[in-house]
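Visitor: I would like a close look at one part of this structure, followed outward to whatever surrounds it. Please keep the sentences short.

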Amino acid sequence: MSIFDAIGIAGTGVTVNRKWMDAVSDNLANINTATRTSDPAYEAKYVVAAEAADGKGTQVAGIVTGSAEGRRVYEPTHPLADEQGYVKYPDIDMSSQMTSLMMAQRAYQANLQTITTAKEAYSSALQLGKG
Amino acid sequence: MSIESIGGVGDVANTLGTLATGYGQGIADTDNAQMTSAIGGGSGVSYTGSVAPVTVTGTAGVGASTPVGGSSGTDFASLLSGGLDKLQGLQSTSDDLALKAATGDLTNVHDYMIASNEAQLATQLTVAVRNKAVDAFNEIMRMQV
């Protein structure tokens with residue numbers, strides 16, 4: 001319905017930012033996931049946003065994964081440690097992930113505010129017909 | 001429920017028909033307003049251009065009070081039934097999402113809230129339009145003949 005365009009467009013923004021928060025939470029959850037040095041490390045997920053196909057709003061164009069290289073940490077007591085005593089941790093920066101999380105949260109709230117404001121505007125227009 | 005079918009009211013009913021026709025064109029034009037172009041880097045020109053004729057058409061139709069009688073414009077009844085159809089669609093979307101929310105299949109919480117808000121707003125809009133139509137009808141029925 002075309003009169004609810006503003007709400008629909010803001011809704012796509014909310015969806016994209018929710019998926020961004022999902023990706024960040026996945027990254028943060030796996031930040032301490034250790035693997036053998038012979039195996040690939042957890043690859044950080046990054047959401048790529050793009051303009052929606054119909055030109056109204058935004059959408060997730062895809063998920064780009066980071067490097068599987070990881071960083072080698074010397075932990076000889078770790079059960080997964082190799083002969084030299086090294087394990088592999090994913091190459092994720094906690095502070096940048098937290099920053100991304102806050103950006104996603106603020107963008108989510110901004111889109112919700114757009115919906116609220118549009119709804120109030122439409123309700124105000126309906127007040128014209130009363131009284 | 002065609003308003004033109006009111007017997008014995010004559011010109012007044014025709015005037016209301018004109019009003020409804022003008023209103024119908026106004027809504028049809030608004031539907032055609034290039035919202036996408038305005039958002040996609042377009043200027044406000046298309047928006048202004050589409051709004052201005054609406055005002056002119058509406059005012060001319062009501063002010064002149066000439067019977068339109070079977071004009072090509074959308075009549076109020078089909079306009080109302082189209083609006084009810086759209087409302088039905090929004091309500092069923094909202095109901096589907098409510099079911100998903102209840103069964104735990106809802107991935108996007110905001111989707112349901114948006115759908116229910118849209119359904120609520122559309123209902124209020126439809127009720128407001130209906131009340132206005134009933135008011136106009138009552139006004140005609142109160143008229144001294």
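Guide: Start with B:Ala101, which lies in helix 4 of chain B. Keep in mind that this is a predicted model. B:Ala101 has a relative accessibility of 36%. That value falls between the 20% and 50% limits, so the residue counts as partly exposed. Now look for B:Tyr112. Along the sequence, B:Ala101 and B:Tyr112 are 11 residues apart. In space, their C-alpha atoms are 7.7 Å apart.

Move to B:Leu97, which is also in helix 4 of chain B. Is B:Leu97 buried or exposed? B:Leu97 is buried, because its relative accessibility is 16% and the limit for buried is under 20%. Its C-alpha atom is 7.6 Å from that of B:Asp111, and the two residues are 14 apart in sequence. Leave out residues up to four places away in sequence, and B:Leu97 touches B:Leu106, B:Asp111, B:Tyr112 and B:Ala115.

Step back to the whole of chain B. It has 5 helices and 0 strands. From the N terminus on, the order is α-α-α-α-α. The chain holds 145 residues, and buried ones make up 24% of them. Take the contacts in chain B between residues at least 6 apart in sequence: 73% of these join residues at least 24 apart. The accessible surface of chain B is about 8,800 Å². Carbon and sulfur atoms account for 60% of that surface.

Next comes the meeting of the two chains. Here 19 residues of chain B are in contact with 21 residues of chain A. The size of an interface is often given as the accessible area lost when the parts come together. Between chain B and chain A, the buried area is about 1,700 Å². Carbon and sulfur atoms give 71% of it. Which three residues supply more than any other three of the area that chain B buries against chain A? They are B:His110, B:Ile114 and B:Leu121, with 30%.

Charged pairs are missing here: the rule finds 0 salt bridges across the interface of chain B and chain A. The count of residue pairs in polar contact between the chains is 3, with both residues at pLDDT 80 or more. On the chain B side, the elements that give two or more residues are helix 2 (35-39), helix 4 (76-103) and helix 5 (109-141). Helix 5 gives the most, with 11 residues.

Cross over to chain A. It has 2 helices and 4 strands, in the order α-β-β-β-β-α from the N terminus on. Of its 131 residues, 31% are buried. Its accessible surface is about 7,500 Å², with 55% belonging to carbon and sulfur atoms.

Salt bridges do occur in the structure, which holds 4 over all chains. One of them joins the side chains of A:Lys56 and A:Asp5, at 3.3 Å from N to O. A:Lys56 lies in the loop between strand 1 and strand 2 (58-65) of chain A, and A:Asp5 is in helix 1, so the pair ties together parts 51 residues apart in sequence. A:Lys56 is partly exposed, at 28% relative accessibility. A:Asp5 is buried, at 11%.

Another salt bridge links A:Asp26 and A:Lys45, whose closest N and O atoms are 2.8 Å apart. A:Asp26 lies in helix 1 of chain A and A:Lys45 in strand 1, so this pair ties together parts 19 residues apart in sequence. A:Asp26 is partly exposed at 27%, and A:Lys45 is partly exposed at 28%.

A:Arg18 and A:Asp22 also form a salt bridge, with closest N and O atoms 2.7 Å apart. Both lie in helix 1 of chain A, 4 residues apart, which is about one turn of the helix. A:Arg18 is buried at 17%, whereas A:Asp22 is partly exposed at 39%.

Finish in the loop between helix 1 (5-29) and strand 1 of chain A, where A:Thr37 is found. The side chains of A:Thr37 and A:Asp82 are joined by a polar contact of 2.8 Å. Beyond four places in sequence, A:Thr37 touches A:Arg72, A:Asp82, A:Tyr86, A:Val87 and A:Lys88.

Key:
Residues numbered from 1 in each chain as written. Chains lettered and ligands numbered in written order. Predicted model: local features only at pLDDT ≥ 70, side-chain atom pairs only at ≥ 80, totals over all residues. Heavy atoms only, no water. Contact = heavy atoms within 4.5 Å. Buried area = accessible area lost by both parts, 1.4 Å probe. Polar contact = N/O pair within 3.5 Å; in protein donor to acceptor, adjacent residues only side chain to side chain. Buried < 20%, exposed > 50% of the residue type's maximum accessible area, 1.4 Å probe, protein only. Areas by Shrake-Rupley, 256 points an atom, 1.4 Å probe, with all protein chains shown as cover.
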